[in-house]
Amino acid sequence: MSKRAVVISAVIIGAAVVILAVISVLLMSARVDGDACIYSDGKLLYRINLDAVTEPYELVIECEGGSNTVRVEQGRICVIDADCPDKTCVNSGWLSRDIMPIICLPHRLEIRLEQGSGLDGVSQ
Amino acid sequence: MKKRIVSMLLALSVAIAVCTCGCEGEKRVSETIYVFDTFLTLTLYGDDTEKLKTAIQETKNITDSIQSCASARDESSELSALNKSAYEKDIQTSKLLYDIIKTGLYYSELTNGAFDITLGYLTSEWAIGTENARVPSEEFIERYSGRNDRSAVILNDENRTVRFTSDTVSIDLGGVAKGYAAEKTQQYLLSVGITKAILDFGGNIVAIGSKSADSSWKIGIKNPLGGNTFAAVSCENKAVVTSGSYERRSVIDGVSYHHILDGTTGYPAQSGVLSATIIADSSAAADCLSTAVFVLGAEKGLELIEGLDGVEAVVIDDAMNVRSTSGINGDILEIL
């Protein structure tokens, strides 16, 4: 291998590492710390360790007034659909550490961050 | 030379792909529905998302059918019709309702009435947790308490008929229906090959399978005084059900009452227990027995559970002392 080829390879690898690092930092900054807790009418329905999510999934949460569809991805969570009149919950976007909890007042739904418990369910 | 660079870039691409994809294969589908006046959250795991979604739909059908036949509050339910007409008359019932009543009576007998499905008149008169909550009159309490009416419910397996031999009997399946529904759901899921799931029937938990090959599910026990969870139970293929005085309450004339009635007094149980948790293979058993232990109190309740194979109990009393059956050890119960 010529000296030039070695240099080019090193530059490409170095650039790839830098790009990966930048992408990681950007992704991490959009992620939340702790568990995402979903409450309906004050009752805890879900406690989700967002870091442990391997495959994105959706939760359909029905209440007497209608339903909200919640999208869960690794490190983040949002409401993607709801049949409430104002759609404030949907327009709140992804829950991140910098913003307020996601709240759907008409359906009395709240998604907020809490310190992780490591529990899979709560008997009550 | 170019080949070498291309090879190196390809290797780098593969490395990046592995890093960003992480582990895959196991899918998770979760849904919350409103049944039995509470929220049911089903979280199923498997490798086929469509199969999991179909299973959740079928689970809804199971719980809907149980609610529509076994709700004492729903005037149009099969149980309500039975309660109105079964005094001194054999009434034929659906297979489902008959089976739930039979299950409830079995645990009423096993607990010598500490769990009692025949207190319907008392529970509807108290109506704790509803806007109609009230303290029944002394005459009412006297008429409907201390009766041990389980023997006044006559079942006939052949014809699936139910008859009451006392006009003080009204069946309320609120203490068994959720547990029964969770157990039927568990049986259905296992029958279609779903072997990993967490079913949360309004706080009645069924942990199917294990969390992973080397770790159990970890189920919290709610702190009866409020706030965070008080303890956690490690389990696999178990139902974990808690009865607590914090669950459903009503304030009447400035006094706060909980909803678990003691059939011997006709009033909410005053046993010194804040919460009773049962860990068992059967969710229906755990549901009935948690109520029985709450009513009996820590000492008698734990004595009852010690005598049952494969059933364990954790009791928190009003001084926040934790007592448990002999099968509970530090590997199973963790105080948080």
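**Entry 1: the sheet shared by the two chains**

I began in this predicted model with S9(B) and S16(B), and found that the two strands pair in the antiparallel sense over three bridges. To fix the register for myself I looked up one of the pairs, and noted that B:Ala232 has B:Glu334 in S16(B) as its bridge partner.

I then followed S9(B) to S8(B), where six bridges join the two strands, again running antiparallel. Here I noted that B:Lys218 stands opposite B:Ser234 in S9(B). The connection between S8(B) and S9(B) is a hairpin with six residues between the strands, and in its turn I found B:Gly226 with a positive phi of about 100°.

Next I asked which strand of chain A is joined to S8(B). I found that it is strand S8 of chain A, residues 121–123, which runs parallel to S8(B) and is joined to it by three bridges. Two of the positions I wrote down are A:Gly121, which stands opposite B:Ile219 in S8(B), and A:Val122, whose bridge partner in S8(B) is B:Gly220.

Put together, these pairings give an open sheet of four strands in the order S8(A)-S8(B)-S9(B)-S16(B), and I recorded the pairing as mixed. S8 of chain A and strand S16 (333–335) of chain B stand at the edges with a single partner strand each, so one side of each is left without a neighbour in the sheet. I also noted that neighbouring strands of this sheet are turned by 30° against each other on average, with direction ignored.

**Entry 2: the contact between chain B and chain A**

I turned from the strands to the contact as a whole, to which chain B gives 42 residues and chain A gives 30 residues. For the area, I noted that the two chains bury about 3000 Å² between them, with 59% of it on carbon and sulfur atoms. On the side of chain B, I found that B:Arg28, B:Thr32 and B:Phe39 lose the most area to chain A, together 19% of what that side buries.

For polar contacts I counted 14 residue pairs between chain B and chain A, taking pairs with both residues at pLDDT 80 or more. I then asked which elements of chain B give two or more residues to the side that touches chain A. I listed helix H1 (2–21), strand S1 (27–35), strand S2 (38–46), strand S8 (217–222), strand S9 (229–235) and strand S10 (238–244) of chain B. The largest share of that side, seven residues, comes from S1(B). When I sorted the side of chain B that touches chain A by class, I had 19 nonpolar, 12 polar and 11 charged residues.

**Entry 3: salt bridges**

Between chain B and chain A the count is two salt bridges. One that I looked up in detail is formed by A:Asp120 with B:Lys211, with the closest N and O atoms 3.0 Å apart. Over all chains, my search of the whole structure gave 19 salt bridges. I placed A:Asp120 in the loop between strand S7 (109–114) and S8 of chain A, and B:Lys211 in the loop between strand S7 (204–208) and S8 of chain B, so the pair joins two chains.

**Entry 4: a sheet in chain A**

In chain A I found an open sheet of four strands in the order S2-S1-S7-S6, with antiparallel pairing. Strand S2 (43–49) and strand S6 (102–104) of chain A stand at its edges with a single partner strand each, so one side of each has no neighbour in the sheet. The twist from one strand to the next averages 20°.

Within this sheet I looked at strand S1 (residues 35–40) of chain A, which pairs with S7(A) in the antiparallel sense over six bridges, and I noted A:Glu114 in S7(A) as the bridge partner of A:Asp35.

**Entry 5: a second hairpin in chain B**

My last look was at strand S11 (residues 249–252) and strand S12 (residues 255–258) of chain B, which run antiparallel and are joined by four bridges. I found that B:Arg249 has B:His258 in S12(B) as its bridge partner. The hairpin of S11(B) and S12(B) has two residues between the strands, and in this hairpin B:Asp253 takes a positive phi near 50°.

Technical notes. Residues numbered from 1 in each chain as written. Chains lettered and ligands numbered in written order. Predicted model: local features only at pLDDT ≥ 70, side-chain atom pairs only at ≥ 80, totals over all residues. Heavy atoms only, no water. Contact = heavy atoms within 4.5 Å. Buried area = accessible area lost by both parts, 1.4 Å probe. Salt bridge = Lys/Arg side-chain N within 4 Å of Asp/Glu carboxyl O. Polar contact = N/O pair within 3.5 Å; in protein donor to acceptor, adjacent residues only side chain to side chain. Nonpolar A, V, L, I, M, F, W, Y, C, P; charged D, E, K, R; others polar. Pairing = 2+ DSSP bridges. Axes fitted to C-alpha atoms, helices over the stretch in contact; angles between N-to-C directions.
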